[in-house]
Amino acid sequence: MNEETRRAEQVLETLKEHFGVPRLVDIGNEPFKVLVRTIISQSTAEVNTRRAYQNLSGKFSITPQELANAEISEIEEALRVAGLYRNKAKILKRVAAQVLEKFNCSLSFIHDLNLEEARARLMSLPGVGPKTADVVLLFSAQKPTLPVDTHVDRVSKRLNLAPRRASYDVVRETLQKLYPSEEYLTVHLLFISLGRKYCKALKPIHAVCPVRNLCPSAET
Ligand code: SF4
């Protein structure tokens, strides 16, 4: 094991000790629900994502049929607490219609196809970029991909586990080489926890950060 892999492993072990090993309890792993929630979460704080998703699931069953047939104004109303809610309402309705038409009302192909084919198919849907596709693939089908959201990107670069100017796919591939695939979900969730609580975008709290002794940016 080289120095970089050893440090990456120590970071993960320290985060597990500090935050505990996270589990998915929020909405389960049904792919269409995960997709809807991930689209809502784009550029939106977690607390508002949760409220918007709860509002939406209070009004509708989260299925392609129901969202494709819903009034856009009703979807907007449910999503109002999330950022860009008008745009997201339009996207959700279009995504639902396309899942209905193109994929016979189901995202179950994510279980059957290989990672790259399933990823490409998900990314053919409106509003679905690489991060959203990777979240659905990892959370719902346990595919070996490590989604890089804004927290994962920032934390990885400050910890020097990924190059500073790396693109989405370079960060993802770099982290995937550092960690075994069975840890991808844990890495994703714990880097988000670290980013939210300590490694904040504007004012990182180095002094009490649990991985400060492993971080080259701790003094900057
Ligand atoms: S020491 Fe600072 S820069 Fe490094 S991970 Fe912690 S908060 Fe982020």
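# Exercises on an all-helix chain and its ligand

In this predicted model, 14 residues surround the ligand, and the closest are Cys199, Pro204, His206, Cys209 and Cys215. Let's work through the structure from there.

## Exercise 1: The ligand shell

Sort the residues around the ligand by class: how many are nonpolar, polar and charged?

*Solution.* Begin with the shell itself, which has 14 residues. Dividing them by class gives 10 nonpolar, 2 polar and 2 charged residues. Cysteine and proline count as nonpolar and histidine as polar, which helps when you place the closest residues, Cys199, Pro204, His206, Cys209 and Cys215.

## Exercise 2: The chain as a whole

Describe the chain: how many helices and strands does it have, and what radius of gyration would a compact globule of 220 residues have?

*Solution.* Start with the elements. The chain has 12 helices and 0 strands. Next, take the overall dimensions. A compact globule with 220 residues would have a radius of gyration near 17 Å, and the chain has 18 Å, which agrees. Its C-alpha atoms fill a box of roughly 55 × 35 × 30 Å along the principal axes. Then look inside: 35% of the 220 residues count as buried. Finally, consider the contacts with a separation of 6 or more: 63% of them join residues 24 or more positions apart.

## Exercise 3: Helix α1 and its two sides

Check the span of helix α1 (residues 3-19), then find which of its residues are buried and which are exposed on the other side.

*Solution.* First, the span. At 1.5 Å a residue, the 17 residues of α1 should cover 24 Å, and the end C-alpha atoms are 24 Å apart, which agrees. Second, the buried residues are Ala8, Val11 and Leu15. These fall within an arc of 55° when seen down the axis of α1, so they line one face of the helix. The spacing makes sense on general grounds: an α-helix has 3.6 residues a turn, so residues three or four places apart point the same way. Third, Glu3, Arg6, Glu13 and Glu17 are exposed on the other side of α1. What covers the buried residues includes α11 (168-178) and α12 (184-197). Just after α1, Gly20 takes a positive phi of about 85°.

## Exercise 4: Helix α6 and its partners

Work out where the buried residues of α6 sit around the axis and which helices they pack against.

*Solution.* Begin with the span again: the 18 residues of α6 (residues 85-102) should cover 26 Å at 1.5 Å a residue, and its end C-alpha atoms are 25 Å apart, which agrees. Now list the buried residues: Lys88, Ala89, Ile91, Leu92, Val95, Ala96 and Val99. They cover an arc of only 165° around the axis, which puts them on the same side of α6. Their packing partners are α2 (31-41), α4 (64-69) and α5 (72-79). The face turned away from the buried side carries the exposed residues Glu101 and Lys102.

One residue of α4 lets you follow this packing in detail. Pro64 lies in helix α4 and is buried, with 22 other C-beta atoms within 10 Å. Beyond its neighbours within four places in sequence, Pro64 is in contact with Phe32, Ala96, Val99, Leu100 and Cys105. Pro64 and Val95 are 31 residues apart in sequence, yet their C-alpha atoms are 7.9 Å apart in space.

## Exercise 5: Helix α8

Which residues of helix α8 (residues 115-123) are buried, and which are exposed on the face turned away from them?

*Solution.* The buried residues are Ala118, Arg119 and Leu122. They cover an arc of only 100° around the axis, which puts them on the same side of α8. The opposite face carries the exposed residues Glu116, Glu117 and Ala120. Among the elements covering the buried residues are α7 (109-112) and α9 (130-141).

## Exercise 6: Positive phi in the loops

Locate Ser43 and Leu84: is each exposed, partly exposed or buried?

*Solution.* Keep the background in mind: most residues other than glycine have a negative phi. Ser43 has a positive phi of about 55° and sits in the loop between α2 and α3 (46-59). With 10 C-beta neighbours inside 10 Å, Ser43 counts as exposed. Leu84 has a positive phi near 50° and lies in the loop between α5 and α6. With 14 C-beta neighbours inside 10 Å, Leu84 counts as partly exposed.

How values were computed. Residues numbered from 1 in each chain as written. Predicted model: local features only at pLDDT ≥ 70, side-chain atom pairs only at ≥ 80, totals over all residues. Near = placed C-beta within 6 Å. Helix = DSSP H or I, 4+ residues; strand = E, 2+ residues; numbered from the N terminus. Expected span 1.5 Å × (residues − 1). Buried ≥ 20, exposed ≤ 12 C-beta atoms within 10 Å, placed from the backbone. Arc of directions from axis to C-beta. Contact = placed C-beta atoms within 7 Å. Rg over C-alpha atoms; globule rule 2.2 N^0.38 Å.
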